[in-house]
Amino acid sequence: MNVTNGVHIYNDGGLSGNSSMSDTPVFRAVNMVINFLSIAILFIAMISLGCTMEISKIKAHILKPKGVAIALLAQFFVMPLSAFSLAKVLQMDPIKAVTVLICGCCPGGTLSNIFALIVKGDMNLSIVMTTCSNFAALGLMPLLLCILCQGFPGLQNAVPYVGIVTTLLCTLVACTIGILINHYKPKYSPIVNKTGMWILLISSIGLLALSAYVVKDVLWMIVMVDVLTTAALMPLIGFTLGYVVSVICKLSPKCSRTVSMETGFQNIQLCTAILKVAFPPQVIGPMFLFPLIYVAFQCGEALLMALCFTLYQRLKPPAGDKDANMHADAKQEEEEEKKHLQEHQEWSAEDDYRRD
């Protein structure tokens, strides 16, 4: 992407970049560190995802691809279309629009696996869907962005496809490394996941602190009404329509809950890395922090849905318990009938004895 054109688009949208800092050595150094941390976090997260994936599970779902196919349809149709519609309805400027579109076109994120477990979804399906969507994104994400950006003046030639594809390739390499570790050295997978979790936590705190420092003067721009509205509605639409599509396609309730989580959760690490690395800082400005706002809303909404599901499960007895109760009632009625029959026989015998 041409930086001059990007800055022009950025300024046309009514936002000013952080160009005053972009020429200082300190800013350039901090920006390089942020870029490194973004890629490192993405790489570690995808290795951890690969370490949870088994080749046998991938083969099983490839042979019966209904669930994965429906999930991919929801992921790469519902979310991009939702992002496009919200950007249009809220009349976002080009930089905000391209940020939202990139987030909407991202594949599923690893957080979906955690929440699929919380709502008692199909964990095998969840992990396979996350992995498959990240591989499918290599072709689908640039294609969808190319199509959707036609609806926004100035974005047709402004999307850095080379940077996006390069970042996607990075995710696939990392995920493949994790799959190979889990396949050939499965005993190391828990160690990789545990170590990766700590590295992710420390790196994320460092990334957040440095990012806040870089955009401290324009940080208010990412908490504007249109940005917050989009961040709140996108995951909610994904969760809802993901479940609706699954029900229409006659998936089981367990699989439907899984697809719902997979659809609403985006790969935030990938989105952050693309926005920070593929775009010059003078162009993207503070909007590279949009995924952090999105992840806050998607986790909050998913927790609320999980709470509602848990309450529903507690208030409504499972089908198995209903069957057990019916069986117990039938058995009790049978015992009462036997008791009444026995008493009737005793009374009859007593009457016969009196007659004699």
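## Second largest pocket

In this predicted model, the second largest pocket has a volume of about 180 Å³. Its lining is made up of Val119, Phe239, Thr240, Tyr243, Arg257, Ser260, Met261, Met305 and Phe309. Two or more of the lining residues come from each of α10 (225-248), α11 (253-264) and α14.

By residue class, the lining of the second largest pocket holds six nonpolar residues, two polar and one charged. Arg257 is the charged residue in this lining.

## Largest pocket

The largest pocket encloses about 890 Å³ of space. Around the largest pocket stand 32 lining residues, and those nearest its centre are Ala45, Thr110, Leu111, Leu200 and Gln269. The elements that each supply two or more residues to this lining are α2 (25-51), α6 (111-118), α7 (123-148), α9 (189-214), α12 (268-278) and α14 (290-315). Of these, α9 contributes the most, with nine residues.

The lining of the largest pocket consists of 19 nonpolar and 13 polar residues, with no charged residue. Helix α14 is named among the contributors of two or more residues for the largest pocket and also for the second largest pocket.

## Helix α4 and the residue Gln91

Helix α4 covers residues 66-89, 24 residues in total. From its first C-alpha to its last, α4 reaches 33 Å, which is close to the 34 Å expected at 1.5 Å a residue. Just after α4, Gln91 adopts a positive phi of about 55°.

Key
Residues numbered from 1 in each chain as written. Predicted model: local features only at pLDDT ≥ 70, side-chain atom pairs only at ≥ 80, totals over all residues. Heavy atoms only, no water. 1 Å grid on protein atoms, 1.4 Å probe; cavity = no way out; pocket = protein on both sides within 12 Å on 5 of 7 lines; lining within 4 Å. Points joined across faces, edges and corners; volume = space filled by probe spheres on them. Helix = DSSP H or I, 4+ residues; strand = E, 2+ residues; numbered from the N terminus. Expected span 1.5 Å × (residues − 1).
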